[in-house]
Amino acid sequence: MGKPYAGDAGGGTIAGMISPWDFARRYAEKPERLLIGLMSGTSADGVDAALVRISGSGRETRAAAVASALRPFPADLRARVLDLCHGVGSPEDLSRASVALAEQYALAVAAVVAEAGIPATQVDAVACHGQTVSHTPHGSARATLQIGDPSLLALRTGFPVVSNFRAADVAAGGQGAPLVPYVDWCLLTHPGRPRAVQNLGGIGNVTYLPADAAPERVLGFDTGPGNMLIDLAARWATNGAREFDEDGALATQGSVVPALLDRLMAHPYLAAPPPKSCGREEFGQPFFADLLTEWAPRLENPADLVATLTAFTAATVADAYARFLPEPPAEVIVGGGGARNPVLMRMLVEKFTPVPVINHEAVGINSDIKEAMAFAVLANETLLGRPANLPSVTGALRPVILGSLTLPS
């Protein structure tokens, strides 16, 4: 793809290279920037790429998607990543998966540049969230790990890469998640009414934005499972024929089992106060396997499990708002894959009536690439040398600059 910063006017410290200081200075001098955000989520099924035009910073940020691309992961890579998430694999497996992911990310970068039809030299940087394989930001050894080798990604694309966004917040005593509430605060704070911005990816998370909120008044936390358990149930109910419940078809064929729903709602994570975050460690394959052992023999229809877990996701969202938000929002803005599940959306509408439940498209954001866009916005703050975590959300001791910069060689 070439090296857009190699030997351009202004020069690097040596031939064919540029220093981090020169790069940051030139970046800050530009009134408008183009960044590519990359996001591969809990499902590990592929990477979303968004080319984003960005100006400003903080509440003055303006961000618009120019182009987007989806790069599905090869089946064998996805299987390797999921094994690592479940603690299966050696250090060599981990490092090789990191390299393989970087190759996939580079292909996604090439795809979105081609889709945009612009010269590669116009792109300022890539923001790569990486693939989370472990997230345990609690106890005496707080840690989080996202893989996807940034040096290889920078080499393959020729672009500077901002990566490893969560580690600085964890080092400062935070959960390292969720980070998107900062972006919600930048782009979606309303001057006159409070909003809840609900993401439904593998995990569900909410950003609560009081009207015209100062950053310290923003709340955000993981509400519980999003699509993770629904996907596992869809796979089980169809003997592997379906990876997810497309259009809520399986949930429609089943019925919610009240006793099972009550059992699920007793999960201790739901009652724990924010700041908090969760993942596969709480609601992944081991949790689902235990659920099957206890409940599968009692179910007359496998689709009942899909319906009940869909209801569980909706109920955790409503429960989290009732427990932890200071007042009901005037509207709920839903994004992520769950926003495309009509059964889940109908359940949310029923939970929140008369409060309107809308999707991100209603406020001018493409739901499919919201998180990829978000990490481009976070990288913009990194490259401007500005903190982009919200201690009121993550529990960090102080605001910190997120991410690490890797320049192409």
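Colleague: Why is Glu 243 called partly exposed in this model?

Modeller: In this predicted model, Glu 243 has a relative accessible area of 38%, and because partly exposed covers what lies between under 20% for buried and over 50% for exposed, Glu 243 is placed in that class.

Colleague: What makes the contact of Glu 243 with Arg 78 a salt bridge?

Modeller: The two side chains meet at 3.4 Å, N to O, and since the cut-off for a side-chain nitrogen and a carboxyl oxygen is within 4 Å, the pair of Glu 243 and Arg 78 qualifies as a salt bridge. The pair links distant parts of the chain, 165 residues apart, with Glu 243 in the loop between helix H7 (228–237) and helix H8 (249–253) and Arg 78 in helix H2 (residues 75–85). Arg 78 has 19% relative accessibility and therefore counts as buried, the limit being under 20%.

Colleague: How do you know that Glu 103 and Arg 156 form a salt bridge, and what does the pair tie together?

Modeller: Their side chains meet at 2.9 Å, N to O, which is to be set against the limit of within 4 Å. Glu 103 lies in helix H3 (residues 91–116) and Arg 156 in helix H4 (residues 150–157), so the pair ties together parts that are 53 residues apart in sequence. Glu 103, at 28% relative accessibility, counts as partly exposed, and Arg 156, at 41%, also counts as partly exposed.

Colleague: Which residues are joined into one network by salt bridges that share partners?

Modeller: Asp 22, Arg 25 and Glu 29 are joined in that way. Within this network, Asp 22 forms a salt bridge with Arg 25, the closest N and O atoms being 3.5 Å apart. Both Asp 22 and Arg 25 lie in helix H1 (residues 20–29), 3 residues apart, about one turn of the helix. Arg 25 has a relative accessible area of 38% and is therefore partly exposed. A search of the whole structure finds 16 salt bridges.

Colleague: Why is Glu 381 said to have no salt bridge?

Modeller: The nearest side chain of opposite charge is Arg 386, which is 5.0 Å away, and because a salt bridge needs the nitrogen and the oxygen within 4 Å, Glu 381 has none, yet it is buried. Glu 381 sits in helix H15 (residues 370–383). Leaving aside residues up to four places away in sequence, Glu 381 touches Ser 57, Gly 58, Thr 61, Tyr 182, Arg 386 and Ala 388.

Colleague: What makes you say that H6 is largely enclosed by the rest of the structure?

Modeller: Of the 9 residues of H6, 8 are buried, so the helix is largely enclosed by the rest of the structure. The buried residues of H6 are Val 180, Pro 181, Tyr 182, Val 183, Asp 184, Trp 185, Cys 186 and Leu 188. What covers these buried residues includes strand E8 (195–200), strand E9 (203–209), strand E10 (219–225), H15 and helix H16 (391–394).

Colleague: Where does H6 take part in lining empty space?

Modeller: The second largest pocket, with a volume of about 160 Å³, takes the largest share of its lining, 3 residues, from H6. Strand E3 (62–72) and helix H6 (180–188) each supply at least two residues of that lining, which divides into 7 nonpolar, 2 polar and 2 charged residues. The largest cavity has a volume of about 50 Å³, and the elements that give two or more residues to its lining are H6, E8, E9 and H15. E8 gives the most to the lining of the largest cavity, with 3 residues, and the residues of that lining divide into 2 nonpolar, 4 polar and 3 charged.

Colleague: What is notable in the backbone at Pro 178, Pro 354 and Ala 44?

Modeller: The peptide bond from Ala 177 to Pro 178 is cis, with omega near -10°, and Pro 178 is in the loop between helix H5 (167–171) and H6. The bond from Thr 353 to Pro 354 is cis as well, with omega near 15°. Ala 44 has a positive phi of about 55° although it is not a glycine. Ala 44 has a relative accessible area of 0% and is therefore buried, as the limit is under 20%.

Notes:
Residues numbered from 1 in each chain as written. Predicted model: local features only at pLDDT ≥ 70, side-chain atom pairs only at ≥ 80, totals over all residues. Heavy atoms only, no water. 1 Å grid on protein atoms, 1.4 Å probe; cavity = no way out; pocket = protein on both sides within 12 Å on 5 of 7 lines; lining within 4 Å. Points joined across faces, edges and corners; volume = space filled by probe spheres on them. Helix = DSSP H or I, 4+ residues; strand = E, 2+ residues; numbered from the N terminus. Nonpolar A, V, L, I, M, F, W, Y, C, P; charged D, E, K, R; others polar. Buried < 20%, exposed > 50% of the residue type's maximum accessible area, 1.4 Å probe, protein only. Lys, Arg positive; Asp, Glu negative; His and termini not counted. Contact = heavy atoms within 4.5 Å.
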